[in-house]
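Open the model in your viewer and keep the selection panel at hand. Each stop says what to pick and what to look for.

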Amino acid sequence: MAFSVIIYSADKTRGGILNKILKRNGLTSLLVNQLGNTQVAVFEHNPDVLIADLKNALRDEIVFLANIYSKLQRTFLIVLGGPVDINSFEKQVGEFAMENNLHLTDPLSPELIVSKVKEALALREKTPQAKQPSLETDLKQFLKL
């Protein structure tokens with residue numbers, strides 16, 4: 001099953017609330033509580049939306065998540081947490097990368113997050129995606145056949 005939304009939250013209660021609200025609104029989401037599993041899930045499912053709950057996150061966690069996000073091309077990012085956590089994340093990925101994404105400080109507002117996720121998914125559906133060349137096409141171009 002492909003997940004359109006992946007939630008990273010070390011806090012199982014906050015992440016659980018978000019996951020239940022998204023599922024209640026008909027959105028397929030996956031809650032991940034560990035960084036290594038987050039990386040695997042993100043690259044396996046290539047989600048349309050990544051929600052990073054940085055509440056009380058350690059600096060290493062923020063750097064790791066920023067590195068994951070910097071490798072994604074078309075994923076909408078929602079960053080949750082305190083102002084210090086969000087500023088630290090922005091410094092890691094660069095303010096330019098964050099300007100089209102959403103960052104929310106506490107208190108946690110699941111309804112607002114659901115509405116933003118729905119907007120992001122609707123925008124992705126409207127935006128024509130570049131056709132991904134197949135491996136065969138890439139090889140033919142490389143070998144000039």
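Two strands count as paired here if DSSP finds at least two bridges between them. Keep in mind throughout that this is a predicted model.

**Stop 1: the sheet**

Switch to cartoon view and colour by strand. By that pairing rule, five strands make an open sheet, ordered β2-β1-β3-β4-β5, with parallel pairing. Now pick the edges: β2 (29-32) and β5 (102-104), each of which pairs on one side only. From one strand to the next, the twist averages 15°.

Move to β1 and β3. These two run parallel and are joined by five bridges. Select V5, then look across: V49 in β3 stands opposite.

**Stop 2: the cores**

Show nonpolar side chains. Which residues have the most contacts inside the largest nonpolar core? Select L54, L65, L77 and F89, in a core of 21 residues. Several elements feed this core with at least two residues each: β1 (5-9), α2 (35-45), β3 (49-53), α3 (59-70), β4 (76-80) and α4 (83-93). The top contributor is α3, with five residues.

Then select L22, L27, I113 and V117. They belong to a second core, separate from the largest one, with 18 residues.

**Stop 3: helix α4**

Isolate α4 and colour it by accessibility. Buried here are D85, I86, F89, E90 and V93. Look down the helix axis: the buried residues lie within an arc of 135°, so they line one face of α4. Turn to the other side of α4, where P83, V84 and K91 are exposed. F89 should be familiar, being among the residues with the most contacts in the largest core. Step just past the end of α4 to G94, which has a positive phi of about 95°.

**Stop 4: the salt bridges**

Side chains of opposite charge can pair when their charged atoms come close. How many salt bridges does the model hold? The count is three.

- Select R14 and D53. Their side chains form a salt bridge, at 2.8 Å from N to O. R14 sits in helix α1 (residues 12-24) and D53 in strand β3, so this pair, 39 residues apart, links distant parts of the chain. Both partners are buried.
- Select R74 and D48. The closest N and O atoms of this salt bridge are 2.8 Å apart. R74 is in the loop between α3 and β4, and D48 in the loop between α2 and β3; they are 26 residues apart in the chain. Buried or exposed? D48 is buried, because its relative accessible area of 17% is under 20%. R74, at 28%, is partly exposed.
- Select E119 and K116. Their side chains meet in a salt bridge with an N to O distance of 3.8 Å. Both are in helix α6 (residues 110-126), and being three residues apart puts about one helical turn between them. E119 is partly exposed at 49% relative accessible area. K116 is also partly exposed, at 26%.

**Stop 5: a loop residue**

Finish at Q73, in the loop between α3 and β4. Why does Q73 count as exposed? Its relative accessibility is 80%, and the cut-off for exposed is over 50%. Now draw a distance from Q73 to D48: the C-alpha atoms are 9.9 Å apart, for residues 25 apart along the chain.

Conventions. Residues are numbered from 1 along each chain as its sequence is written. This is a predicted model: local features need pLDDT of at least 70, side-chain atom pairs count only at pLDDT 80 or more; totals for chains, interfaces and linings use all residues. Side-chain values use heavy atoms; hydrogens and water are left out. A nonpolar core is a set of buried Ala, Val, Leu, Ile, Met, Phe, Trp, Tyr and Cys residues joined through side-chain atoms within 4.5 Å. Buried means under 20% relative accessible area, exposed over 50%, partly exposed in between (1.4 Å probe, protein chains only). Helices (H or I, at least four residues) and strands (E, at least two) are DSSP runs, numbered from the N terminus. A salt bridge is a side-chain nitrogen of Lys or Arg within 4 Å of a carboxyl oxygen of Asp or Glu. The arc is that of the directions from the helix axis to the C-beta atoms. Axes are lines fitted to C-alpha atoms, for helices over the stretch in contact, and angles run from 0 to 180 degrees between N-to-C directions.
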